Amino acid sequence: MRIGELHLHPVSDGTFVARPAYFGPHVPPSAHPELFDRHGAAWLPLGCFLVRSGDRLVLVDTGEGPDSDELPHGMRIVGGQLLTGLRALGVTPADVTDVVCTHLHSDHVGWLFDLDARPVFARATVWYGAGDDGHFVHGPGRMREHVRRGFTDGGRTRPIDRDTVVAPGVTAVLAPGHTPGHLCVVLSSGRERALLLGDAVTCPVQLDEASWHSMGDVDPALADRTRQRLWRELEDPGIVGVGSHFPELRFGRVLAGAGRHWST
């Protein structure tokens, strides 16, 4: 799709099999059958986004990588498809100039480094929230050891503690709560704007279910305030948005009126 002069391509690295319990112990198994199938599972993508801005090629998030994670309640994350998706677009890892990590959970950083902690996107600067540096890289947050070594070895990693322009029309903005340094990415060109939400919003259903939190939220109260702020931004008719796990990576907007609702 086009956002003004920017070219945007969603690419999924794999699948996140989520269940109602992901959103809190109070969510009943029968909730929202349009999202959860007859076996009580929602098959969600591991969304990554490729943005071409002039001579810059920006990749937002890198999926789970060639790996998988077993989660509680029979949930599972399986990755490995990002490089195949990029090749289908005619892109190799060497073509990527910038990587923006919305946050450092494993299903967003899996392709950053190989098992020897060498960068997969060898020419790219890696941008991520400074709050996640303290929580994951140098703190208690769960992180695969080769990924941690990739960050601590230095190189082209750039932690940021304020809204930062990464490339023309591509701005990483602070959106903490899901993790301390969570970022969203604003794409802006001419009068068009798009908001890449990362995991600040897991699913559009949270617009109707304000009490549904992600089990991965480090600070649920702050995550809720951030989510409400983002919903208000998405009421602007000039902006569309999508999260990393939105079904089919479909963009949409919030329609206000007699009760807000999500429209794709």
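**Group meeting: T164, the sheet and the cores**

I'll start with one residue. Leaving aside residues up to four places away in sequence, T164 touches W127, V170, T171 and A172. Before going on: this is a predicted model.

Where does T164 lie? It is in strand β10. Is T164 buried or exposed? Its relative accessible area is 15%, and the cut-off for buried is under 20%, so T164 counts as buried. Its side chain also has a polar partner: a polar atom of the T164 side chain is 2.8 Å from the backbone oxygen of R162.

Now the sheet. β10 belongs to an open sheet of five strands, ordered β10-β11-β12-β13-β14, with mixed pairing. At its edges are β10, residues 164-167, and β14, residues 239-242, and each of these pairs on one side only. On average, neighbouring strands in this sheet are turned by 25° against each other, direction ignored. As a general reminder, strands of a sheet pair through backbone hydrogen bonds, either parallel or antiparallel.

One pair inside the sheet is worth going through. Strand β12, residues 183-189, and strand β13, residues 192-196, run antiparallel and are joined by five bridges. Which residue of β13 stands opposite S189? That is E192.

Next, the cores. The largest nonpolar core has 39 residues, and V100 and L187 have the most contacts inside it. Which strand gives the most to this core? It is β12, with five residues.

What does V100 touch? Again not counting residues up to four places away in sequence, the list is V58, L59, V60, D61, W127, V166, A172, L183 and V185. W127 and A172 are on this list, and both are also touched by T164. There is a second, separate core of 26 residues, and V91, L104, L112 and V147 are among them.

V147 takes me to the last item, helix α4, residues 145-152, where the buried residues are H146, V147, R148, G150 and F151. What covers them? The cover includes α2 (106-109), β8 (125-129), α3 (130-137) and β9 (157-160). Just after α4 comes G154, with a positive phi of about 85°.

To recap: T164 is buried and lies in β10, an edge strand of the five-stranded sheet. β12 gives the most to the largest core, and V147 of the second core is among the buried residues of α4. That's what I have.

Key:
Residues are numbered from 1 along each chain as its sequence is written. This is a predicted model: local features need pLDDT of at least 70, side-chain atom pairs count only at pLDDT 80 or more; totals for chains, interfaces and linings use all residues. Side-chain values use heavy atoms; hydrogens and water are left out. Two strands pair if DSSP finds at least two bridges between them. Helices (H or I, at least four residues) and strands (E, at least two) are DSSP runs, numbered from the N terminus. Axes are lines fitted to C-alpha atoms, for helices over the stretch in contact, and angles run from 0 to 180 degrees between N-to-C directions. Buried means under 20% relative accessible area, exposed over 50%, partly exposed in between (1.4 Å probe, protein chains only). Contact means heavy atoms within 4.5 Å. A nonpolar core is a set of buried Ala, Val, Leu, Ile, Met, Phe, Trp, Tyr and Cys residues joined through side-chain atoms within 4.5 Å. A polar contact is a pair of N or O atoms within 3.5 Å; within protein, one must be able to donate a hydrogen and the other to accept it, and residues adjacent in sequence count only if both atoms are side-chain atoms.
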